[in-house]
Amino acid sequence: MTQKNPEYDFKWCPGCGDFGVRRALERAIERRLIETEEPVENNVIVAGIGCSGNMVHLLEGPQPYGVHGLHGRTLPIAMGVKMGRPDLNVVVVAGDGDFLSIGMEHIGPQAQRNLNVCVVVMDNAVYGLTKGQSSPTSELGMVTSSTPYGKTEDGLNALNLYLTLGVSFVASAMSSKINDLADMIREGMDHPGFAIVHVQSPCTEYNDTYEELKGSKRKGIEPKAWPIEEGHDPADLSAAQGIVDKGGVPLGIIYRAEGRAPFEDRMRDLHGRAKPKTVPAMVDTFAL
Ligand SMILES: Cc1ncc(C[n+]2csc(CCOP(=O)(O)OP(=O)(O)O)c2C)c(N)n1
Ligand code: SF4
């Protein structure tokens, strides 16, 4: 599947934030192809289900391999790809519903394994594809098709969750700042371990947050997004936590752990030490 599928006719709504994410992802892949001189086939996109997951069919230019998998199961699929071919560059693309609701249980174990993939989460704080139900990142009180009288749960702080679970690279971005986003995705690809680039990607149909993110002087709205100061040291976990605790949407690389072995190194080490067993001996280990 290294050619764009001409029969797939999915379309995003005009103004959807995912267009910006697509352009940034294309740029990051194009740059990686030039810098590594590896063939495009060495790149794999694993997509969730949702408007965001359709990214895998809509990329322009050189086509990486693509897996449009099951809702919420991008990480197990990505892990399978990495176990079979640790040399491949694997990028996961998923929505906030896919990644943080049904898929949430997979984040912790992959953070602990330090699975060497780059995840791009497109957060629009709703389930776009299924017509605007609330998601974990929808704010308390938000009126959606599934919460007509307002959401009763607090909105999830995804960046805080990633730091708490031990994700080894955490970045936060906005879909309209394409160059910055491309840089973060490119860095996430090179990070030897579990990288998450969390992108505010507004849904113009069910939750248009462009104005809230950028602010409006005319209407007296302060921007929710703010740039991380240049002197921030991403290796400093408590400084990273301080950035997240400030609230709003910080823009930039928040955390980058150094010196943690990625999953493939741990597996290689294990293979070196594991002794082969016969089938009867393996069955015997389960017998009571
Ligand atoms: C196991 C399973 N449960 C539910 C669905 C229905 N479903 C498809 S997409 C989706 C939510 C998509 O929301 P999100 O991941 O935020 O992506 P968006 O469409 O907003 O980009 C749901 C609930 C499904 N396809 N499979
Ligand atoms: S419904 Fe929302 S997320 Fe889906 S394509 Fe339209 S604007 Fe984008």
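**View 1. A nonpolar surface patch built by Val279, Met282 and Val283.** In this predicted model, the three side chains make a patch of about 280 Å². Val279 sits in helix H11, which covers residues 279–286. Is Val279 buried or exposed? Its relative accessibility is 57%, so Val279 counts as exposed. The cut-off for that class is over 50%.

**View 2. The whole protein.** The chain folds into 11 helices and 10 strands. Its C-alpha atoms fill a box of roughly 70 × 45 × 45 Å along the principal axes. Why can the protein be called consistent with a compact globule? For 288 residues, such a globule would have a radius of gyration near 19 Å, and the protein has 20 Å, which agrees. How many of the residues are buried? Of the 288, 50% count as buried.

**View 3. The shell around ligand 2.** Which residues surround this ligand? Four cysteines belong to the list: Cys13, Cys16, Cys51 and Cys203. Trp12 and Tyr206 are there too. Asn124, Gly128, Thr204 and Glu205 complete the shell. By type, the shell divides into 6 nonpolar, 3 polar and 1 charged residue. The charged one is Glu205, because Glu counts as charged. Gly128 belongs with the polar residues, because Gly is counted among them.

**View 4. A salt bridge between Arg32 and Glu38.** The closest N and O atoms of this pair are 3.2 Å apart. A salt bridge needs such atoms within 4 Å, so the pair passes. The partners differ in cover. Arg32 has a relative accessible area of 9%, so Arg32 is buried. Glu38 has 25% and is partly exposed.

**View 5. A salt bridge between Glu35 and Arg186.** Here the closest N and O atoms are 2.9 Å apart. The pair links distant parts of the chain, 151 residues apart. Glu35 lies in helix H1, residues 18–36. Arg186 lies in helix H7, residues 178–190. Which partner is buried? Arg186 is, with a relative accessible area of 7%. Glu35 is partly exposed, at 49%. Exposed means over 50%, so Glu35 falls short of that class.

**View 6. A salt bridge between two loops, Lys246 to Glu229.** The two side chains meet at 3.6 Å, N to O. Lys246 lies in the loop between helix H9 (237–245) and strand S10 (249–256). Glu229 lies in the loop between strand S9 (225–227) and H9. The pair therefore ties together parts that are 17 residues apart in sequence. Lys246 is exposed, with a relative accessible area of 54%. Glu229 is partly exposed, with 42%.

**View 7. A network of salt bridges joining Arg22, Arg23 and Glu26.** Two arginines and a glutamate are linked here. How many salt bridges are counted in the model? The count comes to 15.

**View 8. Met184 and Ile253, apart in sequence.** Met184 is found in helix H7. Its relative accessibility is 8%, so Met184 counts as buried. The class of buried residues ends at 20%, so Met184 falls under the cut-off. How far apart in space are Met184 and Ile253? Their C-alpha atoms are 7.1 Å apart, although 69 residues separate the two in sequence.

Technical notes
Residues numbered from 1 in each chain as written. Chains lettered and ligands numbered in written order. Predicted model: local features only at pLDDT ≥ 70, side-chain atom pairs only at ≥ 80, totals over all residues. Heavy atoms only, no water. Near = heavy atom within 4 Å. Patch = residues over 30% accessible without salt bridge, like charges linked within 9 Å, V, L, I, M, F, W, Y side chains within 5 Å. Areas by Shrake-Rupley, 256 points an atom, 1.4 Å probe, with all protein chains shown as cover. Helix = DSSP H or I, 4+ residues; strand = E, 2+ residues; numbered from the N terminus. Buried < 20%, exposed > 50% of the residue type's maximum accessible area, 1.4 Å probe, protein only. Rg over C-alpha atoms; globule rule 2.2 N^0.38 Å.
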